[in-house]
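The exercises below ask you to read a protein model slowly, one region at a time. Try each task with the structure in view before you turn to its solution.

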Amino acid sequence: MIKVRVPATTANMGPGFDVIGTALDLYNTFTFTLDGDDVDRGSMIYAAAKVVFDKANRSMDAFTYEVDADIPIARGLGSSATCIVGGMVGANALLDYPFNEEEILKMASDFEGHPDNVAPALLGGCVVSISEDDKIIYRKVKHIDAISTIAAFPDFDLSTAEARAVLPKQLSYEDAIANIGRMALLIHGLDTCDTEAIFMGLKDIIHEPYRSELIDGYKEMKAIEDRYPGKMVISGAGPTLLFVTEKSEDLEVIRDSWKKISEPLEAEWDIRILHTTDRGAEIIESH
């Protein structure tokens, strides 16, 4: 039996579309065994594990799993990435580790289509990653603990397919350059604990302006920026919103203030303090 815990992730972080993500301390836990015969073969977890079994040329006849899920589905917090990473890490452990971490990352990225969520889910921390020459090249960003995050997820979901469908097919040089500059500021800010650069660097103009129209209450929730230092971003494809602020003892005050902003809105917003974590997917039990 193998039990794997995988963290939630927030991807894009403003301008880092499909290339940057950060692990957060909210988790899905998966239990895998090779002594059963009843399993949902149509699930993403099974499909991800099958990639590993097939590559190792091993049978899945007795493969089973259970899930203890705390990460809400279709909210932009990487729930699908946890299924992919959890399935692959669990399968790899059941098979006595035929593949190393970089090989698992490549398989997970190929399965997902991009590495922004699966990389921090597997590796923890804040990860910048790209696909290059059939490899996933990644680097962890230092000092992610310089910021605090408060997540607001509503009682409605938003599929990644729907969120991608509203994006423009082409970008102007002006918009592309603006995002490149913001991304550079964001990385510099994280690397040097420069919160002014971080907050300026979190601004995006290539996906958030379009996706925000799909999130009822987005404009009202953005008022938190007028009350406290920080920047609100869409987590992943949405609809979860993330307020990135300074490390302080006032997080509960900010959370409560954001709750009051949300109260008149039609949707119910669950607002929680979520800490960044440098710990990725972990095997927490094995026997």
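**Exercise 1: The largest pocket**

Task: find which residues lie nearest the centre of the largest pocket, and describe its lining.

Solution. The largest pocket is lined by 31 residues, and those that lie nearest its centre are Gly 78, Ser 79, Ser 80, Glu 112 and Thr 160. Here a pocket is, on a 1 Å grid over the protein atoms alone, an open set of points with protein on both sides within 12 Å along at least five of seven lines, while a cavity is a set of points where a 1.4 Å probe fits but cannot get out; lining residues have an atom within 4 Å of a point. The elements that give two or more residues to this lining are β1 (2-12), β2 (16-33), β3 (64-69), α2 and α5 (160-165), where helices (H or I, at least four residues) and strands (E, at least two) are DSSP runs numbered from the N terminus. As a next step, sort the lining of the largest pocket by class, which gives 13 nonpolar, 12 polar and six charged residues. In this sorting Ala, Val, Leu, Ile, Met, Phe, Trp, Tyr, Cys and Pro count as nonpolar, Asp, Glu, Lys and Arg as charged, and the others, Gly among them, as polar.

Before going on, note that this is a predicted model, in which local features need pLDDT of at least 70 and side-chain atom pairs count only at pLDDT 80 or more, whereas totals for chains, interfaces and linings use all residues. Residues are numbered from 1 along each chain as its sequence is written, and side-chain values use heavy atoms, with hydrogens and water left out.

**Exercise 2: Helix α3 and the second largest pocket**

Task: state which residues of α3 are buried, and what covers them.

Solution. Begin with the helix itself: α3 (residues 101-112) has 12 residues and reaches 16 Å from its first C-alpha to its last, close to the 16 Å expected at 1.5 Å a residue, the expected span being 1.5 Å times one less than the number of residues. Its buried residues are Ile 104, Leu 105, Lys 106, Met 107, Ala 108 and Ser 109, where buried means under 20% relative accessible area, exposed over 50%, and partly exposed in between (1.4 Å probe, protein chains only). Their cover includes α1 (44-55), α2 (79-94), α4 (118-123) and β5 (135-141). At the end of the helix, α3 is followed by Gly 113, whose phi is positive, near 105°.

Finally, look at the second largest pocket, whose lining includes Leu 105, Lys 106 and Met 107. The elements that give two or more residues to this lining are α3 and β5. By class, the lining of the second largest pocket has five nonpolar, no polar and seven charged residues.

**Exercise 3: The largest cavity**

Task: which classes of residue line the largest cavity?

Solution. Among the residues that line the largest cavity are Thr 10, Met 13, Leu 24 and Val 244. The elements that give two or more residues to the lining are β2, β6 (147-154) and β8 (241-246). Sorted by class, the lining of the largest cavity has eight nonpolar, four polar and no charged residues.

**Exercise 4: Two single residues**

Task: is Thr 277 buried or exposed, and where is Met 232 found?

Solution. Thr 277, found in the loop between β9 (269-274) and β10 (282-286), is buried, with a relative accessible area of 10%. Met 232 is found in strand β7 (residues 230-234), and at 0% relative accessibility Met 232 counts as buried.

Terms used:
Contact means heavy atoms within 4.5 Å.
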